[in-house]
Amino acid sequence: MRLTVLGSSGTAPQAGNPASGYLVQVESTNLWMDAGPGTYMALLGELDPAQLDAVLLSHMHPDHCSDLFALGHELAYVRRAATRVPVLCPDGSADRIAGFFGGVSDHPIFDTLTITEVQPGATFEFGALEVTAQAAHHSVPALAYRISGPGGSLGYTGDTGPSDLIEEHLADVDVLLAEASLQEGSDPYPFHLTAQQAGAMATAVGAGALLLTHIPGSLDPQESLRQATVAYTGPVSLAKPGETYMIPTESQQKDQQS
């Protein structure tokens with residue numbers, strides 16, 4: 001399984017780093033996970049968007065979903081595509097997406113995108129990948145995703161505060177892709193993780209490696225990296241735009257073979 005970071009900037013895109021967005025691939029299966037501003041352009045550098053098997057949205061805050069409309073316009077007006085791309089999203093998302101078009105549910109964009117509101121615990125299969133969703137602890141309905149494929153598993157927190165439910169859902173993943181919107185010493189906020197809390201979650205789930213993402217441009221990523229290592233002793237990296245990570249990692253593959 002391959003994870004390509006399309007963007008990892010928290011709250012808003014920064015120069016050279018779009019907001020949240022990730023491409024998960026195995027064999028011929030392609031999943032676009034979160035569609036923050038700037039990530040559609042990055043996606044175009046990786047594959048033809050008509051090759052997408054599904055879009056997974058963690059929640060409907062603009063920094064995680066707004067480029068969905070770029071995809072819809074491309075497929076509806078440029079490609080005039082005959083096939084639909086499934087879009088998984090939390091409860092209430094369909095009305096919010098339709099609201100962008102004045103509440104019109106028969107807009108041409110809906111001829112190309114199939115909006116599915118996902119209940120926590122639901123499982124979907126796309127090619128060789130299995131996707132399971134669980135409720136995240138955020139200020140709006142939000143989902144954390146577990147993606148399992150041949151030989152490996154990825155856990156994605158989306159935006160969330162500390163959550164026993166997510167820890168149970170993402171137990172033993174090879175790679176935990178965790179938001180780290182805050183740093184220790186900042187004003188407490190229950191619906192986001194500090195980098196140290198992201199590290200603590202990686203330890204709690206027994207993750208093989210931790211990737212920190214959703215770090216706002218106002219924070220020093222190296223300090224976030226340092227704080228995460230206080231609570232997690234495994235491999236920790238920053239999710240860098242344009243970088244591709246193999247799941248399981250090379251070291252995990254060697255461990256499996258030994």
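**Salt bridges and nonpolar cores**

In this predicted model, the side chains of Glu-74 and Arg-79 meet in a salt bridge, with an N to O distance of 2.7 Å. A search of the whole structure finds four salt bridges. Two separate nonpolar cores are also described below, one of 28 residues and another of 25 residues.

**The network around Arg-79**

- Glu-74 is buried, because its relative accessible area of 17% falls under the 20% limit for that class.
- Arg-79 has a relative accessibility of 35% and therefore counts as partly exposed.
- A salt bridge also joins Arg-79 to Asp-48, where the closest N and O atoms are 2.8 Å apart.
- This pair links distant parts of the chain, 31 residues apart: Asp-48 belongs to the loop between α1 (39-44) and β5 (54-56), and Arg-79 to the loop between α3 (68-78) and β6 (85-89).
- Asp-48, at 32% relative accessibility, is classed as partly exposed.

**The Arg-84 and Asp-111 pair**

- Arg-84 forms a salt bridge with Asp-111, and their closest N and O atoms lie 4.0 Å apart.
- Arg-84 is in the loop between α3 and β6, while Asp-111 is in the loop between α4 (93-99) and β7 (113-117), so the salt bridge ties together parts that are 27 residues apart in sequence.
- Arg-84 is partly exposed, with a relative accessible area of 47%, and Asp-111 is likewise partly exposed, at 46% relative accessibility.
- Through shared partners, salt bridges join Asp-48, Glu-74 and Arg-79 into one network.

**Nonpolar cores**

- In soluble globular proteins, nonpolar side chains tend to be buried together.
- The largest nonpolar core has 28 residues, and the members that touch the most others are Val-24, Leu-31, Met-33, Leu-56, Ile-147, Leu-154 and Leu-177.
- When neighbours within four places in sequence are left aside, Met-33 is in contact with Gly-21, Tyr-22, Val-24, Leu-56, Tyr-145, Ile-147, Leu-154, Tyr-156 and Leu-177.
- Another core lies apart from the largest one and contains 25 residues, among them Met-60, Val-87, Phe-101 and Leu-113.

Note on methods. Residues are numbered from 1 along each chain as its sequence is written. This is a predicted model: local features need pLDDT of at least 70, side-chain atom pairs count only at pLDDT 80 or more; totals for chains, interfaces and linings use all residues. Side-chain values use heavy atoms; hydrogens and water are left out. Helices (H or I, at least four residues) and strands (E, at least two) are DSSP runs, numbered from the N terminus. Buried means under 20% relative accessible area, exposed over 50%, partly exposed in between (1.4 Å probe, protein chains only). A nonpolar core is a set of buried Ala, Val, Leu, Ile, Met, Phe, Trp, Tyr and Cys residues joined through side-chain atoms within 4.5 Å. Contact means heavy atoms within 4.5 Å.
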